[in-house]
Amino acid sequence: MTEAILLVGGKGTRLRPLTVNTPKPMVPAAGVPFLTHQLARAKAAGVEHIVLATSYLAEVFEPHFGDGSDLGLSLEYVTEEEPLGTGGAIRNVASRLHSGPDEPVLIFNGDILTGLDIRALVATHADSGADVSLHLTRVEDPRAFGLVPTDETGRVTAFLEKPQTPEEIVTDQINAGAYVFRRSVIDSIPTGRPVSVERETFPELLAAGAHLQGMVDSTYWLDLGTPQAFVRGSADLVLGRAPSPAVPGRCGDRLILPSARVAPDAKVTGGTVVGAHATVGEGARVTGSTLLAGATVEPGAVVTDSLIGAGARIGARSVLTGAVIGDGAHVGPDNELRDGIRIWCDATLPAGTVRFSSDQ
Ligand code: GDD
Ligand code: MG
């Protein structure tokens, strides 16, 4: 049996300031809680048993996913009293694993959207006889990630988490947040205190001569750590660029949930998701955006690459590009909001208050 640990705790779990009460993994991407995509992809790769390692707001996972039978999985939940870090979280769930000491256990960061061939990672692990195997991907700017240089056989030579100096940027290969661990390696992580798998476990394993094997897979890959990335990922799921068996309905230019209302002459494109009970008014144009449940885009508004929180309202003729609008916020008519702006949950922006273009 193949089993996996999914890491869904830690400090960054809340999608602040967008949805103060919803942990990121539960915010809908392409119409279903993001975690559903990871669970469904693991299931499709032959994983049967998954332990969710959680810390913040753990109580929201179990009521939704239950024992996992809806997804054809056996799910368990373990909640840390205090966040234990990535390595501590992995160690903390060891008692729930069924695998024997030499058997492989998959581990996934809970905020990654990827087309990774999970079976290929497990096969690489078996073929190389490694202690730990890591999915690696290449990015333009590796500074926000774990750098993982390898030799010509793919064997990992160093692990440099979040490099601080230019000298440390020795490669554009980064840790993509999916691993196979030999079970006994998990048991060797210290208990009862926070441990970072990136800053402590991997460097120590390397120093002790352990075999860490990298597998570069340049498939679709995105860390959904920021709201902007979340919107991008959701659109890519809808467009079919990011493969997931959990996208409801067929992939296409848009996903409009059955209870949503879109005016006949509104244009909804670019992988936009119109969530449950959300509405898009006449003549509005919505591109590459996510409208969460009950959001409203009023007539004539133009919304591009933006995240509109649950119950938020975008006034008539307002133009939004790369904006994040918190749950319940109200952007009055005739505003112009641009890249990087975040409107806090429940805030109100009066009509015509923000604009970049000149007076007409
Ligand atoms: N249960 C639990 N407890 N989970 C945790 C904890 C914790 O204390 N801390 C972090 N996690 C989970 C997060 O929920 C996330 O799913 C995953 O572990 C990684 O944590 P992030 O906080 O998102 O780390 P990051 O994005 O800065 O860096 C990590 O991911 C990069 C790829 O996106 C590292 O693994 C990097 O090496 C990697 O390149
Ligand atoms: Mg992350």
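Over residues 252-333 the chain is 0% helix and 41% strand, and the end C-alpha atoms of this stretch are 30 Å apart. Helices (H or I, at least four residues) and strands (E, at least two) are DSSP runs, numbered from the N terminus. The model is predicted: local features need pLDDT of at least 70, side-chain atom pairs count only at pLDDT 80 or more, and totals for chains, interfaces and linings use all residues. Side-chain values use heavy atoms, with hydrogens and water left out.

**Exercise 1. Domains**

Task: State into which domains the protein chain is divided, and how far apart their C-alpha centres lie.

Solution.
Step 1. The chain is divided into domain 1 (3-223) and domain 2 (253-349); such bounds come from an automatic or database domain assignment.
Step 2. The C-alpha centres of domain 1 and domain 2 lie 33 Å apart.
Step 3. For residues 252-333, UniProt lists, in an unreviewed entry, "domain: Mannose-1-phosphate guanyltransferase C-terminal". UniProt positions are given in the numbering used here, feature names are shortened, and annotations may be inferred rather than shown by experiment.

**Exercise 2. The open sheet**

Task: Describe the strand order of the open sheet of six strands, and identify its edge strands.

Solution.
Step 1. The order is β14-β17-β20-β23-β26-β29, with parallel pairing; two strands pair if DSSP finds at least two bridges between them.
Step 2. The edges are β14 (254-256) and β29 (342-343), each of which pairs on one side only.
Step 3. Between β14 and β17 (residues 272-274) there are three bridges in the parallel sense. Ile256 has Val274 in β17 as its bridge partner.
Step 4. Helix α7 (residues 227-239) packs on the sheet and touches β14, β17, β20 (290-291), β23 (307-308), β26 (324-325) and β29. The direction of α7 makes about 90° with that of β17. Axes are lines fitted to C-alpha atoms, for helices over the stretch in contact, and angles run from 0 to 180 degrees between N-to-C directions.

**Exercise 3. The magnesium ion**

Task: Name the protein donors of the magnesium ion (ligand 2) and explain which parts of the chain they tie together.

Solution.
Step 1. Asp111 (OD) and Asp223 (OD) are the protein donors, 2.0 to 2.6 Å from the ion. Donors are N, O and S atoms within 2.8 Å of the metal (3.2 Å for Na, K and Ca); water is not among the atoms, so sites may look incomplete.
Step 2. Asp111 lies in the loop between β6 (104-109) and β7 (112-114), and Asp223 in strand β13 (residues 221-223), so the pair ties together parts that are 112 residues apart in sequence.
Step 3. Asp111 is partly exposed, with a relative accessible area of 25%, and Asp223 is likewise partly exposed at 25%. Buried means under 20% relative accessible area, exposed over 50%, and partly exposed in between (1.4 Å probe, protein chains only).

**Exercise 4. Helix α6**

Task: List the buried residues of helix α6 (residues 197-207) and consider Thr201 in detail.

Solution.
Step 1. Val197, Glu198, Glu200, Thr201, Phe202, Leu205 and Leu206 are buried.
Step 2. The elements against which these buried residues pack include α3 (85-92), β8 (132-138) and β12 (212-216).
Step 3. Thr201 has 8% relative accessibility and therefore counts as buried. Leaving aside neighbours within four places in sequence, Thr201 is in contact (heavy atoms within 4.5 Å) with Ile189, Val195 and Ser196.

How values were computed
Residues numbered from 1 in each chain as written. Chains lettered and ligands numbered in written order.
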